[in-house]
Amino acid sequence: MKAVLQIEHSPNLLLDRRSILEPLGYDVISVLGLSDAYDRNLLRQPIGVLVIGHGGSWMDRQALISYFRKARPNVPIVALLGRRDIEFSDADYNCPGDNPPLWIRTVAHALAGQ
């Protein structure tokens, strides 16, 4: 099974999402912060979907989306949005970060498309 790679800037959000996804049967790789997300070992992981959390700045999240779009072009990207965020045009899916049922369905849909 391919993993859900989640990148977030808030440790609490990272743990919260992991605690939601793992009981549903997802293998979750969690990365805290921008610098750890650029670790080359992540590019070797069997990633089925990338979830970019809404805890970082819009520019940092856009940089992550651009990086992974080039490094792993076949991996769908789900961008979780804060209430005031504009959507990321390079992400495959944009979803409110404060609506777990919706982003869980979005992750499942993205994985099914693999």
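Start by selecting Leu5 and Leu50: Leu50, in strand S3, is the bridge partner of Leu5. What you have open is a predicted model, where local features need pLDDT of at least 70, side-chain atom pairs count only at pLDDT 80 or more, and totals for chains, interfaces and linings use all residues. Residues are numbered from 1 along each chain as its sequence is written, and side-chain values use heavy atoms, with hydrogens and water left out.

Now widen the selection to residues 3–8 and 47–52. These are strands S1 and S3, which run parallel and are joined by 5 bridges. (Strands are DSSP runs of E with at least two residues, helices are runs of H or I with at least four, and both are numbered from the N terminus; two strands pair if DSSP finds at least two bridges between them.)

Next, bring up the whole sheet. It's an open one with 5 strands in the order S2-S1-S3-S4-S5, paired in parallel. At the edges you'll find S2 (28–32) and S5 (93–96), each pairing on one side only. Neighbouring strands are turned by 20 degrees against each other on average, direction ignored. (Axes are lines fitted to C-alpha atoms, for helices over the stretch in contact, and angles run from 0 to 180 degrees between N-to-C directions.)

Select 58–71 for helix H3, which packs on the sheet and touches S1, S3 and S4 (77–81), its direction making about 175 degrees with that of S4. (Contact means heavy atoms within 4.5 Å.) Then pick 100–112: helix H4 lies across S1, S3, S4 and S5, at about 160 degrees to S5.

Stay with H3 and click on Gln62. Is Gln62 buried or exposed? Gln62 is buried, with a relative accessible area of 17%. (Buried means under 20% relative accessible area, exposed over 50%, partly exposed in between, using a 1.4 Å probe and protein chains only.) Leaving out residues up to four places away in sequence, Gln62 touches Phe88 and Asp90. Other buried residues of H3 include Leu64, Ile65 and Phe68.

Last stop: residues 11–21, helix H1, where Leu14, Arg17 and Leu21 are buried. Look down the axis of H1: the buried residues fall within an arc of 70 degrees, so they line one face of the helix. (That arc is taken from the directions from the helix axis to the C-beta atoms.) They pack against S1, S2, S4 and H4. Flip to the face turned away from the buried side, and there are the exposed Asn12 and Leu15.
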